[in-house]
Amino acid sequence: MLRRSGTCLRSCLVIFALVSALGVCGPALYWRFKRTLRFADSKFSCPPCICDCPQPLSLVKIAPWLANLSDTDCGRNDPDLKQEMEKQFIDLLTEELKLQEAVAEEHARHMNITFGEAKRVASQYQREAEKCIAATETCEGAREKAEALLIKERKLTTTWEHRAREMGWEGE
C-alpha cells in the first residue's frame, strides 16, 4: 500500500512539473510557431511600403536655443549681465539677512514673553507655598496644643478614676 502511494505521489509531481513548464513556456512557443506558420502558409507577401515622408526634424533645427542650455558659462563674458546678476545676488543676500534678523527678533520676543510668564508663575507658586507653610505651622501648633490638652485630660481622668476606686467604685 505504501509503495502504491509513493508511486502515485511521484507521478503527480511529474504531471505538476510538466503542467508548470507548459504554463511558463507555452505562450512564447505558441506565438513563435504561429508566426512561422503564417509566413510559411502565406503565398502572398506584402510589398515593401513606399513612403515619401520627410526626414524627422532635429531638436537643434526646431529650437536652436535649447542646445545651449547645458552651457554653464552662458553670459559670464557679458559685463552688463554679470553686473545685473551681482545686483540680484546682493539683493537676495540682503533680503535673506533681513529675514534672518526678523526671525531672530521674533524668537527673542517670544523667549522674553515666555521667560516673563515663567517668572510670574514661579512667583505665584512661591506665594502658594508660603501660604501652605503658614497653614501647616498653624495646624501643627493646634495639634500640639490638642495633644497637650489630651494628656492633661487623661491625667485628670486617671486621678478621678483612682479616687473613685478608693471610694468603692469597681468600674467597668
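**Figure 1. Arg 143 and Glu 140 within helix 3 of the predicted model.** Both residues belong to helix 3, where 3 residues, about one turn of the helix, separate them. Their side chains meet in a salt bridge, with an N to O distance of 2.5 Å. Arg 143 is partly exposed at 41% relative accessibility, and Glu 140 is likewise classed as partly exposed, at 34%.

**Figure 2. The salt bridge between Glu 147 and Arg 143.** This view follows Arg 143 to a second partner, Glu 147, whose side chain meets that of Arg 143 at 2.9 Å, N to O. The two residues lie 4 residues apart in helix 3, about one turn of the helix. Glu 147 has a relative accessibility of 39% and therefore counts as partly exposed, the class between under 20% (buried) and over 50% (exposed).

**Figure 3. The salt bridge between Glu 161 and Arg 165.** The closest N and O atoms of this pair are 2.9 Å apart. Side chains of opposite charge can pair when their charged atoms come close. Glu 161 is partly exposed, with a relative accessible area of 33%, and Arg 165 is also partly exposed, with a value of 43%. Because Glu 161 and Arg 165 are 4 residues apart in helix 3, about one helical turn separates them. Elsewhere, Glu 140, Arg 143 and Glu 147 are joined into one network by salt bridges that share partners. In the whole structure, a search finds 6 salt bridges.

**Figure 4. A nonpolar surface patch formed by Phe 89, Ile 90 and Leu 93.** Together, these three residues present about 320 Å² of accessible area. Ile 90 is found in helix 3, which spans residues 79–166. The relative accessible area of Ile 90 is 52%, and this residue is therefore classed as exposed, the cut-off being over 50%.

**Figure 5. The chain as context for the close-up views.** The secondary structure comprises 3 helices and 0 strands, and the order of elements from the N terminus is α-α-α. Of the 172 residues in the chain, 1% count as buried. The chain exposes about 17200 Å², of which carbon and sulfur atoms supply 64%. Helix 3 covers residues 79–166 and includes Ile 90; the pair Arg 143 and Glu 140 shown in the opening view also lies in helix 3.

Definitions and conventions. Residues are numbered from 1 along each chain as its sequence is written. This is a predicted model: local features need pLDDT of at least 70, side-chain atom pairs count only at pLDDT 80 or more; totals for chains, interfaces and linings use all residues. Side-chain values use heavy atoms; hydrogens and water are left out. Patches are made of residues with over 30% relative accessible area and no salt bridge: like charges are joined within 9 Å, nonpolar side chains (Val, Leu, Ile, Met, Phe, Trp, Tyr) within 5 Å. Accessible areas come from the Shrake-Rupley method with a 1.4 Å probe; for residues, only the protein chains shown count as cover. A salt bridge is a side-chain nitrogen of Lys or Arg within 4 Å of a carboxyl oxygen of Asp or Glu. Buried means under 20% relative accessible area, exposed over 50%, partly exposed in between (1.4 Å probe, protein chains only).
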